Amino acid sequence: MTTPTRPDLDHAVVSEAEETLRLIATYRRMPRVERRRIARRASPEMRAALAEVEYAIALERSPGSMAVTLTDGLEMQAPHLALIDRLFQRMARGESIKALITMPPRHGKSQRAARWAPLWYLARHPDHRIMIASYGADLAEEHSRWIRDAINTYGPQIGLALHAGSKAAARFDLADPATGARLRGGLVAAGVGGGLTGKGAHLAIVDDPIKDAADAESPTLRRRLWSWWTAVLNTRLEPEGSILVIQCIVASMRVLTGEGRWVPIVDMKPGDTVVSLNADHTALTTAKIIGQRLSGHDETLTVKTDRLALQVNPRHPFAVLRRGSEIRPDTSDLHWVRARDLKVGDIVITAKSMPDDYVSADVLPDGTEVDEQRAWLLGYMTGDGWVTRHKRVNQQGQPYSYAVCIARTRSKKEHKADTDTRAREALEAWSTSRVYETSGGYWRTDWAAGGRLLHQMGYGKGARSKQIPDCVWGWSPALRRAYLKGYAEADGSLQCTGKVRESGPVWRIGSVSQTLLEEVRYLALTCGIRPTTVYVDRPRTYQPPHSPTPVETILCSIGLSFGPDLAEGRGLLRGGNHPNAQQIRYERIRAVDPGPTVPVYDLAVAGTENFVAEGFVVHNTRWHEQDLAGKILEGQDADDWIRLDLPAICDSEDDPLGRPLGSALWPQRYNRRTLTKRRTAVGERVWWSLYQQKPRPLEGGVWQWPWITDNRISPVAFKGVDLSRIVVAVDHAGGAGDGHDDVGIVGAGRTSAGEYYVLADKSENLGADTWGLKACRLVIELQADAVIIEDNFGGDMAEQIIIQAWQQLERDGETKGMLRPAIIPVHAQQGKRLRAEPIAQLYAQGLVHHVGEFPRLEGQLVTWMPGMDSPDRMDALVHALTELADPAAVPVGTSQYGDRRLAGRR
């Protein structure tokens with residue numbers, strides 16, 4: 001027996017190591033099932049080695065796999081997140097990818113696409129560089145800082161290390177983990193236009209690139225932004241580099257409309273008017289809304305002055321007067337500043353009254369005109385007046401049903417000395433009956449007509465239920481002031497006479513109704529009165545007269561300053577030059593407080609691109625329709641962009657995940673039952689905008705959701721329905737591709753009793769060579785007796801397409817002996833609204849039933865408004881139901897429309 005020499009030992013060790021590496025390389029290439037089989041048969045030592053290999057494979061497989069592995073399962077994987085993973089896997093393989101991603105909230109998009117995926121990409125390519133750009137460095141640095149910290153935490157496992165001389169959150173370089181030598185890879189995060197020079201990049205992530213409204217409003221600056229995109233960011237990309245683009249006010253916040261009302265922003269819709277700051281920033285005007293959208297769930301900030309508070313997302317811009325020095329600003333120093341950048345002490349512009357182009361309606365509900373005396377009396381009665389019903393007979397033997405009453409004041413204060421007299425005189429000037437004092441010590445008039453009117457206006461309610469009459473919101477600012485002055489003199493006390501202070505009389509009003517005082521505050525903001533916030537006191541218990549038990553109540557109060565048209569805030573301006581004392585105030589910000597994460601909305605306003613919310617002048621969040629995203633999707637390379645459109649509930653047959661219609665995006669976390677509850681909780685508008693990625697105003701047009709949802713039936717229930725006619729309607733688009741609408745293909749039927757059923761929606765983006773076959777196959781499936789085709793554009797050609805498609809299906813044996821259906825051309829003689837409204841009326845009457853759900857068709861119905869382009873699916877539906885309901889069509893039963901409401905509507 002011989003003993004191996006030292007060189008023989010070294011050679012054996014090297015050979016064994018090389019063999020192990022070869023085995024591991026072979027093992028890594030094996031399918032997962034085969035690897036598991038080998039691991040089960042391996043020795044304990046080999047199994048431990050293979051476990052380390054499996055760990056490395058998991059880290060390398062995808063961003064999601066890395067996230068799950070490093071966090072021990074805290075980060076979850078899901079099919080929709082796997083789509084993002086696949087995009088980055090393609091990028092890592094060297095493909096040039098351009099992608100836009102849209103998903104519902106809380107589904108992991110940002111965490112995966114802007115954090116874990118870039119980290120995984122760098123681990124795969126430590127010699128590559130990533131750019132993250134935004135309008136401001138802080139937004140971009142949030143993601144960059146997370147990636148840097150993750151490298152510090154997980155670096156040894158994923159083979160990454162930071163270079164000792166470059167570890168800043170906004171810009172860091174990678175190093176060789178073994179030697180510490182600087183590598184070429186790293187990351188840079190910066191605001192748009194800065195910090196990207198000097199080094200190229202293989203991956204660019206762009207988020208919110210518009211800095212402020214000044215940039216967006218200026219064609220020059222928009223061109224500069226586009227120039228930065230094309231000449232800076234794109235030129236910094238490597239030849240095969242990739243780009244990822246990831247794309248407000250709280251719903252309860254109120255917007256001042258052009259009609260003088262405060263409406264929650266969630267209820268605003270295109271065509272409504274709002275009060276807005278004019279182009280010179282010196283006066284208020286009215287402007288029209290051209291769009292309303294739900295911008296998603298977002299963190300919020302509450303911006304406060306001494307009397308106003310508005311809850312917005314951190315990016316929402318305010319009109320601010322600001323200079324770089326301590327010198328006081330003037331009106332030319334206006335800037336649009338985002339909420340996150342506001343500072344305590346900033347001067348903001350707030351609305352004081354209605355604009356000059358506001359058109360008032362100074363009348364009561366019965367059409368009689370209102371003067372200041374009557375407006376004052378109505379305000380006084382809101383505090384100390386009421387209307388009662390009676391069924392007695394008066395001294396003349398005539399029946400009367402109402403009595404109008406006003407309490408007399410018992411105050412000895414000087415400012416209320418003539419209040420009783422003024423109230424009685426105002427009531428006598430209006431009432432046609434005698435005004436007298438009752439034994440109970442109040443003024444009363446037995447006045448049937450006036451009492452009935454006042455009762456309709458809400459004066460028959462108790463103190464807890466009173467509200468400002470609806471007609472007051474249509475009055476001029478002068479009458480609104482008179483109304484509030486009457487209410488203050490009834491339920492308030494004078495805190496300041498105004499003889500010393502220029503602010504004028506200041507009243508403190510108390511009420512048990514917080515809702516009423518909130519309305520008073522909003523009304524004051526439209527007529528030059530300066531209100532405070534509504535204060536809520538602690539609960540108190542008192543014993544009302546004639547009540548057997550004590551009552552607990554909460555007293556609320558508000559302050560109203562009835563000053564003259566003072567130039568409020570002029571002391572904040574350089575030279576005290578106030579441009580419009582009647583309409584505008586200047587106030588200092590007193591606090592900017594963080595708030596919860598909630599849905600936030602925004603409006604697009606024509607011309608001025610700003611509006612008044614809770615008294616503040618604020619700007620559209622979407623700066624301009626020609627912003628970066630708009631330019632990208634309108635560009636020549638728009639077809640090169642991948643758009644991952646993944647709604648919470650699948651509403652398309654070409655879903656990226658291949659989901660069946662109606663299935664949830666992430667059922668492990670948000671199943672159908674959970675999403676149904678969420679849909680009920682947030683309402684249809686929020687659901688379709690936020691969760692289905694269709695941010696258009698719902699229930700503002702011709703159709704309403706309950707007309708569809710309340711009359712829907714299931715396919716199982718439909719089996720018992722006997723149809724007397726079935727048709728398929730086609731609204732052809734003229735071609736296939738992104739430049740054309742979808743071809744609307746809808747099947748519908750009718751019973752002999754006059755009930756209508758929507759059976760199928762097979763609409764799709766199809767060419768002339770395919771839509772005919774699709775329509776004919778639906779005819780066969782439904783056994784339809786006719787095909788309805790609009791002949792306004794290419795009607796003869798469309799008819800030939802149907803004939804040829806049917807002949808082809810006959811040759812292929814698909815018709816199974818069925819005769820070709822009748823082809824009925826229709827000509828759209830009237831406008832779309834005239835065609836759509838009779839069909840919507842059938843829906844309103846509960847005569848139309850959807851057999852199952854047709855999300856895209858239903859979305860088009862409830863979002864369509866007169867003036868918008870008529871969408872394909874809706875047009876096809878209208879043609880089908882018009883044919884089925886037309887009295888001139890084939891008789892199908894006894895239920896016919898005698899008024900010919902559908903005649904000539906095509």
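Here are a few notes on the packing and the aromatic side chains in this predicted model.

1. Let's start with the inside. The largest nonpolar core has 97 residues, and the members that touch the most others are Phe 318 and Trp 475. Helix 13 (residues 477-491) supplies the largest share of this core, with 7 residues.

2. Phe 318 is worth a click. Once its neighbours within four places in sequence are set aside, Phe 318 is in contact with Val 303, Leu 310 and Val 312. Its contacts also include His 335, Trp 336, Val 337, Ala 339 and Leu 342, plus Phe 616, Val 617 and Val 618.

3. There's another core, apart from the largest one, with 43 residues. Leu 59, Leu 122, Tyr 154 and Leu 160 are among them. Tyr 154 turns up again in an aromatic cluster, together with Trp 116 and Trp 146.

4. On to the aromatic pairs, of which the structure holds 9. Have a look at Trp 430 and Trp 447, which pair edge-to-face, with 5.3 Å centre to centre and 80 degrees between the planes. Trp 430 sits in helix 11 (residues 419-430) and Trp 447 in the loop between strand 20 (442-445) and helix 12 (448-459), so the pair ties together parts 17 residues apart in sequence. Are these two buried or exposed? Trp 430 is buried at 11% relative accessible area, and Trp 447 counts as buried at 6%.

5. Finally, two arginines over rings. Arg 521 has its charged end over the ring of Tyr 522, 5.5 Å from the centre. Arg 669 lies over the face of Trp 666, 5.0 Å from the ring centre.

Key
Residues are numbered from 1 along each chain as its sequence is written. This is a predicted model: local features need pLDDT of at least 70, side-chain atom pairs count only at pLDDT 80 or more; totals for chains, interfaces and linings use all residues. Side-chain values use heavy atoms; hydrogens and water are left out. A nonpolar core is a set of buried Ala, Val, Leu, Ile, Met, Phe, Trp, Tyr and Cys residues joined through side-chain atoms within 4.5 Å. Buried means under 20% relative accessible area, exposed over 50%, partly exposed in between (1.4 Å probe, protein chains only). Helices (H or I, at least four residues) and strands (E, at least two) are DSSP runs, numbered from the N terminus. Contact means heavy atoms within 4.5 Å. Rings of Phe, Tyr and Trp (its six-membered ring) pair if their centres lie within 6.5 Å; planes under 30 degrees apart count as stacked, over 60 as edge-to-face and the rest as tilted. A charge sits over a ring if NZ of Lys or CZ of Arg is within 6 Å of the ring centre and within 35 degrees of the ring normal.
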